[in-house]
Every structure is written in C-alpha cells, then in structure tokens.
Amino acid sequence: MGDIREPLRELTECGLPQALEAMGERWSFMILRASFNGLHHFEEFLTELGIARNILSNRLAKLVENGILKRDPCADDKRKIEYRLTEKGLDLLPAMVALRQWGQKYGAEVVENPVLVDERDRLPIGPTSILSHDGRILGPADLHLVERNNLGIRADGSKAEGGEPIDRGDVVQFTAGQKTKNAA
C-alpha cells in the first residue's frame, strides 16, 4: 500500500484498534445486529440471542459506554429501559454488512432467508465496496498510504482536484468506461 506503513505497534494512531476495543467481541456484534433488527429491551436480547444474563449486561454497558447504544426510559413504562442505536452505532452498518457478506462468501454455505435488500427495489444489495472520493470502486492495488501534508499530490507530482463526492441515495452508473452520477 505504498512507500510508508502505518505505525503498527502504536495502538492510538489508527482507528482499527479503537474500533476493536469498542466492538471486538462476538456478542457485541450480535447485540448490534439485533439492534439493527429492531430489538430494544434487555429481555428481548436475552431471549432472541440466547446469551447469558451477565454477559448481556456487560456487553450492553460497554456499548453504551462507547456511545454505540444509548439507554432511554420506555415511553409507555418509565421503569423499563430501551437500548437504541446512536448515530455512532448506525454508522457501523456498512461494517456489519461487509462482515455479513464476507461470512456469506467464505463461511459455510448458507442460503440466507430473509435476504437483505434495498427498500426501493426490494432486490439484494450489491457487495460492500471501498469507494474513492469520487465514487470509483477501489481494490487493494488502488490503495496507498501518504502523509497528511501530501494529500492530493499524485505520484508524478501533479495535484489532484477533488471530484464531486457521492452521497446516500446517489446513483452511479457505469457505461463503456465512463460513469455518470444521477440523484435518485
């Protein structure tokens, strides 16, 4: 990935160790998946996941502590607590989908049912991809590490101009090597 490397021994210089510290355990991901599936109450998690009460309590507390879930009193019974995804938690959705797709591709052959689809067309979602700033799909050979002060400086020394960023709901169409971006 280039001429320089990340400081691999330094755990604070990269987001991955921080993410793993917050999430890096199977039950945390299963609770997050259950939250994306609409579960909000301790007893629901307990029943649906088959997790031990003490482990669930510990993992929920850690997810709340890390700002991934928040605790709110139930609207209909203030004595009960609901666990709701925060914006930080919702931002984990692409990572969850990528892990799910990886597991489907390389795990045991499981025919998924129900199938994850997009709301508009109700067709299966495409593979999670790494996108450039302007929407190009990138692979491992397309990635490179540079010092922050060298952002936008190409290998030949020329300066790159930022392209039009894509956003949620944008449609990127590829035709004969050209792409056009249309708002949906």
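## I68 and its surroundings

I68 sits in the loop between helix 4 and strand 1, where helices (H or I, at least four residues) and strands (E, at least two) are DSSP runs numbered from the N terminus. The model is a predicted one, in which local features need pLDDT of at least 70 and side-chain atom pairs count only at pLDDT 80 or more, while totals for chains, interfaces and linings use all residues. Residues are numbered from 1 along each chain as its sequence is written, and side-chain values use heavy atoms, with hydrogens and water left out.

With a relative accessibility of 2%, I68 counts as buried, a term that stands for under 20% relative accessible area, as exposed stands for over 50% (1.4 Å probe, protein chains only). Apart from neighbours within four places in sequence, I68 is in contact (heavy atoms within 4.5 Å) with A22, M23, L32, L63, R84, L85, T86, G89 and L92. I68 and D91, which are 23 residues apart in sequence, have C-alpha atoms 9.1 Å apart.

## Helix 4

Helix 4 comprises the 13 residues 53–65, and its end C-alpha atoms are 18 Å apart, in agreement with the 18 Å expected at 1.5 Å a residue, the expected span being 1.5 Å times one less than the number of residues. Its buried residues are L56, R59, L60 and L63; because they cover an arc of only 100° around the axis, they lie on the same side of helix 4, the arc being taken from the directions from the helix axis to the C-beta atoms. N54 and E65, on the other side of helix 4, are exposed.

The cover over the buried residues of helix 4 includes helix 1 (15–23), helix 2 (26–36), helix 3 (42–49), strand 1 (69–73) and strand 2 (81–85). Just after helix 4, G67 adopts a positive phi of about 75°.

## The largest nonpolar core

The largest nonpolar core, a set of buried Ala, Val, Leu, Ile, Met, Phe, Trp, Tyr and Cys residues joined through side-chain atoms within 4.5 Å, has 20 residues, and those with the most contacts inside it are I31, F45, L49, I51, L56, L60 and L69. Two or more residues of this core come from each of helix 1, helix 2, helix 3, helix 4 and strand 2.

Not counting residues up to four places away in sequence, L69 touches I31, S35, L60, L63, V64, Y83, R84, L85 and T86.
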